[in-house]
Amino acid sequence: ADYSENWTFKTRVKDWDSTEKRVVSSFESGFARSYSYSARAGISTRWYGMKTFKKGKLVAIRHVMNPYADFSYAPDFTSDRFGFYRTVQSDTTGLKQEKYSRFEGTLYGGPSGGRQGNINFSLDNNLEIKWKKGKDTSERVEKVKILESLRAGASYNIFADSMNLSSIATSARTTLFKNISVIGSANFDPYVTNLIDTGKTWYYQRLNQFSINSGKFATLTNANIGISANLTQDMFKSKDQQRIERRKKELQEKGYSEVNVPWSINLNYTVSYDYRNRLNPANRQLVQNLSFSGNINPTKNWSVNFNSGYDFTLKKISHL
């Protein structure tokens, strides 16, 4: 459970000015307090699955599933019983009323409105294999990560009037060759989405109807995937200790000393997609970028840093 409270020495006051026919706003001096609270309870567990093999290089496959669910609750702080919000006449007829927060414009503001009763649920997966490397006496078993994480999650608001289910968020993460990271994510809208053309503008309208009833699981709204790598000079050095010592001896015999210039380069390639960009033909639905940065240390006291990028769609440098 969470509870927070804010104190202030001024509050917002709004009134209808019949002369100017508009809402006027001012501050009223005096001590006032606002507070908010919420509660949440959750449960999680882990399920392990293992498949072993007696023949071949593949020793075993391990699958770990981590389901999680929780329920969070927060009341509607715009309700009259809290006294944080007031109403003011907002038109000449006096029929239209506008609700406003007494703490609007103060340092911390007031609690937000809308009753919340969310059921959150997710499922995370991890997949690894055990693999034989080497031959005969040098044979050893190594763990290889196929998927470090494959996750899907969503929430359901029990107090919403309609479209209670949120977008379904998915993500995946893994590592290749120990220094290459692959991260991706995607969001799916479970409700039917229509493109509305008013003649002057376009916009998307969500309907209170599940896409699966129309034979489609969901609408892919946006997605991205990124591949990053970190390269250093140590990765290209020989691992043969005898060869390293022999090289040092050769340099010393010729009167030279080995020069060590530490350097590192970070590469990041990303591809992103957003279906909402179809509203404007000038926008690109698919964007590809390559960014890179690094540093070189010619001496102990000097460091040279650089960064840049390239936009494959526009075919030009994206930033410096």
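Here are a few exercises on this predicted model, each with a worked solution.

Residues are numbered from 1 along each chain as its sequence is written. Local features need pLDDT of at least 70, side-chain atom pairs count only at pLDDT 80 or more, totals for chains, interfaces and linings use all residues, and side-chain values use heavy atoms, with hydrogens and water left out.

**Exercise 1. Strands**

Work out how β14, β15 and β16 are connected.

Solution. Start with the terms: strands are DSSP runs of E with at least two residues, numbered from the N terminus, and two of them pair if DSSP finds at least two bridges between them.
- Step 1: β14 covers residues 263-274, β15 covers residues 286-299, and eleven bridges pair them in the antiparallel sense. Look up Ile265 and you will find Gly294 of β15 as its bridge partner.
- Step 2: β15 also runs antiparallel to β16 (residues 302-311), joined by nine bridges. Here Leu290 has Tyr310 in β16 as its bridge partner.
- Step 3: between β15 and β16, a hairpin makes the connection through two residues.

**Exercise 2. Asp274**

Is Asp274 buried or exposed, and which residues does it touch?

Solution.
- Step 1: find Asp274 in strand β14.
- Step 2: buried means under 20% relative accessible area, exposed over 50%, and partly exposed in between (1.4 Å probe, protein chains only). Asp274 has 19% relative accessibility, so it counts as buried.
- Step 3: contact means heavy atoms within 4.5 Å. Leaving out residues up to four places away in sequence, Asp274 touches Thr221, Asn222 and Gln285.

**Exercise 3. Aromatic rings**

Classify the pair formed by Phe82 and Phe84, then place both residues in their surroundings.

Solution.
- Step 1: rings of Phe, Tyr and Trp (its six-membered ring) pair if their centres lie within 6.5 Å; planes under 30 degrees apart count as stacked, over 60 as edge-to-face and the rest as tilted. The structure holds 16 such pairs. For Phe82 and Phe84 the centres are 5.8 Å apart and the planes at 20 degrees, so this pair is stacked.
- Step 2: Phe82 is buried at 11% relative accessible area, and Phe84 is buried at 2%.
- Step 3: both belong to one aromatic cluster with Tyr3, Tyr35, Tyr37, Phe77 and Phe103.
- Step 4: Phe77 touches both Phe82 and Phe84, and its other contacts include Pro111 and Ser112.

**Exercise 4. Charge over a ring**

Which ring lies under Arg115?

Solution. The criterion is NZ of Lys or CZ of Arg within 6 Å of the ring centre and within 35 degrees of the ring normal. Arg115 lies over the face of Phe159, at 3.7 Å from the ring centre.

How values were computed:
Helices (H or I, at least four residues) and strands (E, at least two) are DSSP runs, numbered from the N terminus.
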